[in-house]
Protein chains: 2
Amino acid sequence: MDRVKLFNDFLSQKGLKSTSQRKLILETFLESESHYSTEELYLKLRKEHPRIGYATVHRTLKLFAECGIAAERNFGDGQTRFESVHADEHHDHLVCTNCGLIIEFEDQKIEELQKLVASQHNFKIENHRLELYGLCEDCRSQK
Amino acid sequence: MDRVKLFNDFLSQKGLKSTSQRKLILETFLESESHYSTEELYLKLRKEHPRIGYATVHRTLKLFAECGIAAERNFGDGQTRFESVHADEHHDHLVCTNCGLIIEFEDQKIEELQKLVASQHNFKIENHRLELYGLCEDCRSQK
DNA sequence: TATCTTTCTGAAAATTATTTTCATTTTCTT
DNA sequence: AAGAAAATGAAAATAATTTTCAGAAAGATA
């Protein structure tokens, strides 16, 4: 698990401490591929660890974002979500507007065209987000 | 002005009323090409019309979104912004992470590739958002 | 036009998500 | 083991958005 090491390096580099809560939160965060809001992860953790605090979960997710392990995303439902970022891999999202299903995808051609657009406007891209909203396979057939 | 008619049709179809505030807010909203948050538009309106209320501005922007005149967007600064939607025209954004400049662009090839991705996953796209974040020309040269 | 019903408005309060505060506990150096 | 620095969890604070409500305005009806 490289991400655990990455996080620990980040902590020590910043003079921050490695605590049992941070280990636990990272472990649980990495375990699942879902896109957690602070609240969702907090509720999940609380089942096994009732003493954990909401603020700690939130602060830790922010740390993940800061060190690049996670990215903050907003899919328009009013909650910020954190998703696991895999090194040098970027992916975008298909979001079902009916059931909330989130599918990740990657498309190299789209990425290249984005760079082209940016250079036409003399922008230097740091990152991007692409989300396609619509009905997933299941929700389409139900209607 | 077709959008004014569109909004009025929407109102009467829904049994809603045409008020001086709604007319004023729509007019001001369409006048500018910027991406207003509720607060920004409220502050702008208040200069000329000190009696207008924040809630009214917000509710009206929501109506614009509901009838398709405006789209809600979130560029990650914690405020929802509303932008004017031009019929059958879709555009994406370059957002400067330093000065907040927002540039709109359109790229037909990217749109086509998006459709392709969606069909590969059996999704039916309703809409999408693509935002490229980075440094604009001016901010690049300043650094 | 006068009246009536419904919707709107603006101010304030409520709600929701996120962030901060602070007393106490834990980590990690010496 | 002791001290310094940072982390935790609960509660309070903040910020954006939404709702409430009493009075005002719109627009249908007579």
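**Strand C and the salt bridges**

Biologist: How far is a phosphate oxygen of DNA strand C from an N or O atom in the side chain of A:Lys62?

Modeller: Bear in mind that this is a predicted model, in which local features need pLDDT of at least 70, side-chain atom pairs count only at pLDDT 80 or more, and totals for chains, interfaces and linings use all residues; side-chain values use heavy atoms, with hydrogens and water left out. Residues are numbered from 1 along each chain as its sequence is written, while chains are lettered from A and ligands numbered from 1 in the order in which they are written. For A:Lys62, the phosphate oxygen of DNA strand C sits at 3.3 Å.

Biologist: Which side chain has an N or O atom 3.2 Å from a base oxygen of DNA strand C?

Modeller: A sugar or linking oxygen of the strand is 2.9 Å from the side chain of B:Gln21, but you asked about a base. At 3.2 Å from the base oxygen, the residue is A:Arg59.

Biologist: What share of the atoms of DNA strand C within 4 Å of the protein belongs to sugar or phosphate?

Modeller: Let's split those atoms by type. Bases take the rest, and sugar or phosphate takes 73%.

Biologist: Which element gives the most to the surface near DNA strand C?

Modeller: A residue is near the strand if one of its heavy atoms lies within 4 Å of it. Elements are DSSP runs numbered from the N terminus, with helices (H or I) of at least four residues and strands (E) of at least two. At least two residues each come from α4 (54-67) of chain A and from α2 (20-31) and α4 (54-67) of chain B. With 5 residues, the top contributor is α4(A).

Biologist: How many salt bridges turn up over all chains?

Modeller: Side chains of opposite charge can pair when their charged atoms come close. A salt bridge here is a side-chain nitrogen of Lys or Arg within 4 Å of a carboxyl oxygen of Asp or Glu. Searching the whole structure gives 16.

Biologist: Which residue meets A:Lys14 in a salt bridge?

Modeller: A:Lys14 lies in the loop between α1 (2-13) and α2 (20-31) of chain A, and its partner is 52 residues away in helix α4. Relative accessibility decides the exposure class: under 20% is buried, over 50% exposed, in between partly exposed (1.4 Å probe, protein chains only). At 46%, A:Lys14 is partly exposed. The N to O distance is 2.9 Å, and the partner is A:Glu66.

Biologist: In the salt bridge of A:Glu40 and A:Arg81, what is the relative accessible area of A:Arg81?

Modeller: The two side chains meet at 2.9 Å, N to O. Helix α3 (residues 38-48) holds A:Glu40 and strand β3 (residues 80-84) holds A:Arg81, 41 residues apart. A:Glu40 is partly exposed at 34%, whereas A:Arg81 is buried at 10%.

Biologist: How many residues apart are B:Asp9 and B:Lys5?

Modeller: They form a salt bridge, with the closest N and O atoms 2.9 Å apart. Both sit in helix α1 (residues 2-13) of chain B, so about one helical turn separates them, a spacing in residues of 4.

Biologist: Which residue shares a polar contact of 2.9 Å with the side chain of B:Arg3?

Modeller: B:Arg3 is in helix α1 of chain B and counts as buried because its relative accessibility is 17%. A polar contact is a pair of N or O atoms within 3.5 Å; within protein, one must be able to donate a hydrogen and the other to accept it, and residues adjacent in sequence count only if both atoms are side-chain atoms. Through its side chain, the 2.9 Å partner is B:Ser84.
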